[in-house]
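This report describes a model of two protein chains, proceeding from the interior of one chain to the contact between the two. The sequence and structure are shown below.

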Amino acid sequence: MANCKYDWPEAKDRKLIGKRISRIDGHEKASGRARYTFDMNPGNLLFGKILRSPYAHAKIKSVDTSEAEKLPGVVSVVVMKPVGKEPQPEIQWAGDEIAAVAATREEIAEDAIRKIKVEYDPLPFFVNEEDLSQAEGHTKPAVTEKKGDPEKAFQDPDVVTSEGYYGVPVITHCCLETHGHVVDWPDSKSLRVYASTQGVSAIGGQFADPLEIRADDVNIICNYVGGGFGSKFAVDTWGIAAAKLSKSAGGKPVKLLLERDHELLVAGARPSAFAKVRVAAKKDGTLVAWDSESWGTGGMGGSGVPPIPYPFHDKFPNFSRKHTFVSTNIGPSRAWRAPNHPQACLITMGAIDDLAAKLNMDPVELLMKNADLAPDPTLAKYYREELEVAAKLADWHKNWHPRPDKTAGTVKRGLGVSLHTWGGNPHAGNCAVSIHPDGSVEVKLGSQDLGTGTRTVIAIVVAETLGLPVDAVKVTIGDSKYPPDGPSGGSTTVGGVSGSTRRGAVNARDAFFAAIAPALGAKPEDLEAVDWHVRVKGNAAKTLTWKQACAKLGVKSIEATGAQKPRYTTEEQKTECVLNSGGVGGVQIADVSVDTETGIVRMNRMVAAQDCGLIIDLKTAESQVHGALIMGVCYALYEEKIMDRQTGRMLNPNMEFYKLAGIGDVGELVVHMMTGPGYDERGVIGLGEPPVISPGAAISNAVANAIGVRVPTLPLTPDKVLAAIEKGGMA
Amino acid sequence: MAKITELQVNGARCPIEADEATPLLVVLRDQLGLTGAKYGCGEGQCGACTVLLDSNPRHSCNTPVGKAAGHSITTIEGLAANGRLHPLQQAFLDSGAFQCAYCTSGMILTAAALLRVNPHPSEDEVRRFMNGNVCRCGTYPRIVEAILGAAETMAKNKS
Ligand code: FES
Ligand code: FES
């Protein structure tokens, strides 16, 4: 709504918003002084360790901790499964938690774990879901959906149909700081938890029932977190165990953070998705029909359902799809950056790319032609613009060729394209803004900065509103005692915190103007705050420095609050300012070289054209896209949670064999943020998820373009690339 | 097992008490409160725990403290001099070469080791030298930019 009091400033008036601004916590981070949960040591620390099940599926008959308890240095022991009751507790994945120990030294805790005796009754397990024909008894229908008459559309003699198989295995989050907590009891009724979490204000309640305390007697603290990516919303069984261990140790602090292998076993996995697809288009490339049978696992529970055909879905003229959940004993899944979307994208964009090849069409042209299948017309427009920008940046028209690369030599080059969408609407949140007589400004909220730049965004919004430099604003987050803010997931944070802090800062500014206007002999509405000054509009003589103006407050600080609602109804939109929205697009192009003798795929370049409404900090926004592209390269080329059919255990729970891309593996990254008129008016929209959706598809398509044949499943490892070439590539 | 009672860290002699086989990382963090070096994998695979031992980058997670005793150890806390960030730290800050920054100490110390032996590395040499340090947030392009920028600053400071 135009001219609403909270509205974002016009482009010409923005001093900070949209510029490239360095992180306000950069000094802490570069100097090594930033303290993460893993670094917390309130003194007299006890070390917690967990005993885990070696079996993928078993009943626990008994747990005997007596020997462990006798070990000198062991302070407390808790059994984490309800042993001794009927029915006997059942383990559903290798690595599940059985018991925990706290001891004065880490080695003692490790020794104690080894002294716990567990009697298991092993049961049959199932851990490999890719071959659906082997999954009998482990499947559950998830979704069946149909629109139009796909069968009739496929039979039309004028359409071209492509059939294929596409898939993405289970991968893990592999946060560099593992999950865990440092916990103590300041008194018998209150619990203090340093948590590596994505939800400072949200998670305290999870301790309430198991520890029999009130949710508001739990204080969650998290100033710095070493990555989350969707895996750090729960306090987890080990958080509860740490609180219990501390309680029975008289409230002494217990530190329980996972080792790397446990992190990879249990603390984060993205569901797999595999699909057999038929897709058809008219000879001119107009998409007409889709049919898919897909399946995937997220452990014992359901996995999400990939929203295929993606991102067109019910705009697709005719489609039918069926998705099946496969239950496996591989461990639970968690939200992984843009849940279900990267899988849906690989399946759909892979299939459409193969269809383009069959049609002898340039895939960029084919996507351009079908852009109107986008969920809404704005997005269709964005896709067209982004396809154009990305194609230009990748020099597509020069570098792309029909499949395969026919140049001489054994190294083949290929380009591939993909597009995606994501919501990114704000979460609800609150903040408190103070302006003090000494000129200092503080904003507090129970939010968290996962490394995305949340602190910096908050500082920019408040500084812009009050006409201050960024470093004049003190941002205090990371503690549940501040006004509650939503958890950071689904790209909701930037919208949430910018909405609440813009409102809080405008409220503070207005109250401030009201307080000092008499001293300037003006009306509050005639004042403005710019360039670290407060002045009467159009009267340069009546200007105070920010400090002088604040001094006029006497002894009384200005205290204001701001709140962001998650959604504003159409009715509310008439009266309330809407500072954010959702629904972004993005296009990516991968440029790769494939060594056809070794099967190794090398990244030459990734290009991303991405919109996300009004950008607050261009520097951290671009960094988010870099990060997403690199995570994309990781899951496209390397990542897979490999499960052993014989033992039911994960074969690669370490960073040697669970490989991530290094600095030399990612090639050149070109990021173009779509900004300016047509984009900025949408207000602030989240960015964490969208750019991680397309890389798998774009890279897979690029490899197919290079070698002339689809490598059906990610990761595109050398063995699979060679197998695909052998089967029919390079023709 | 022999006990180690002293380490030479960031130019100071620090009394400690540890079995010689204890990982250096554990001693630095738990006994000396130097938490800049991080636990990422504990197995020499990620570089988050990197410190300098006589100016060479070492994974402190799998370096026994017995092997570190008697050598000069530099951690991220010892890199800034006279209250001013080291040019590499400043370059990481200016380039925005981190997100969560859990990998940052290891990155900066590894880069410091590179610039000591090769003050003017090419982009390719930077990539090759740094390839063992993992950043899960994916900040690599700006890490390269920061290291090349710091090399320039350091060359200027010298001349
Ligand atoms: S913690 Fe030492 S290399 Fe990963
Ligand atoms: S910035 Fe998060 S791991 Fe590097």
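## Core of chain A

Apart from neighbours within four places in sequence, Val703(A) contacts Gly414(A), Val592(A), Val594(A), Val601(A), Val711(A), Leu716(A) and Val721(A); two residues are in contact if their C-beta atoms, placed from the backbone, lie within 7 Å. The model is predicted, so that local features require pLDDT of at least 70 and side-chain atom pairs count only at pLDDT 80 or more, whereas totals for chains, interfaces and linings use all residues. Residues are numbered from 1 along each chain as its sequence is written, chains are lettered from A and ligands numbered from 1 in the order in which they are written.

Val703(A) and Val462(A) touch the most other members of the largest nonpolar core, which holds 285 residues. Such a core is a set of buried Ala, Val, Leu, Ile, Met, Phe, Trp, Tyr and Cys residues joined through C-beta atoms within 7 Å. The element that gives the most to this core is helix α16 of chain A (residues 618-637), with 11 residues. Helices (H or I, at least four residues) and strands (E, at least two) are DSSP runs, numbered from the N terminus. A residue is termed buried if 20 or more other C-beta atoms lie within 10 Å of its own, exposed if 12 or fewer, and partly exposed in between, with C-beta atoms placed from the backbone.

## The two chains

Chain A contains 18 helices and 28 strands. Its radius of gyration is 28 Å, close to the 27 Å that the globule rule gives for 731 residues, so chain A is as compact as a globular protein of that length. The radius is taken over C-alpha atoms, and the globule rule is 2.2 Å times the number of residues to the power 0.38. For chain B, with 159 residues, a compact globule would have a radius of gyration near 15 Å, and the value of 15 Å agrees. Chain B has six helices and five strands, arranged along the sequence as β-β-α-β-β-α-β-α-α-α-α.

The table lists further values for each chain. Long-range contacts here are the share joining residues at least 24 apart, among contacts between residues at least 6 apart in sequence.

| Chain | C-alpha span along principal axes | Buried residues | Long-range contacts |
|---|---|---|---|
| Chain A | about 80 × 70 × 50 Å | 59% of 731 residues | 81% |
| Chain B | about 45 × 35 × 25 Å | 55% of 159 residues | 58% |

Confidence in chain B averages a pLDDT of 97, and 100% of the residues score at least 70; pLDDT is the predictor's confidence in each residue, from 0 to 100. The model as a whole scores ipTM 0.98 and pTM 0.97.

## Domains of chain B

Chain B is assigned domain 1 (3-78) and domain 2 (87-158), with bounds that come from an automatic or database domain assignment. The centres of domain 1 and domain 2 of chain B, taken over C-alpha atoms, are 21 Å apart. Across the boundary, 14 residues of domain 1 of chain B contact 13 residues of domain 2 of chain B. On the domain 1 side, β3 (50-53) and β4 (56-59) of chain B each supply at least two residues, and β3(B) gives the most, with three residues. By class, this side comprises eight nonpolar residues, five polar and one charged. Ala, Val, Leu, Ile, Met, Phe, Trp, Tyr, Cys and Pro count as nonpolar, Asp, Glu, Lys and Arg as charged, and the others, Gly among them, as polar.

Helix α3(B) is largely enclosed by the rest of the structure, because seven of its nine residues are buried. These buried residues are Pro87(B), Leu88(B), Gln89(B), Ala91(B), Phe92(B), Leu93(B) and Ser95(B). They pack against α4 and α6 of chain B and against α1 (26-31) of chain A. Gly96(B), just after α3(B), takes a positive phi of about 70 degrees.

Phe129(B) lies in helix α5 of chain B. Phe129(B) counts as buried because it has 21 C-beta neighbours inside 10 Å. Its C-alpha atom is separated by 9.5 Å from that of Ala113(B), 16 residues apart along the chain.

## Contact between the chains

The contact between the chains takes 42 residues from chain A and 43 residues from chain B. On the chain B side, α3 (87-95), α4 (104-117), α5 (123-130) and α6 (140-158) are the elements that give two or more residues. Of these, α6(B) gives the most, with five residues. The chain B side divides into 21 nonpolar, 14 polar and eight charged residues.
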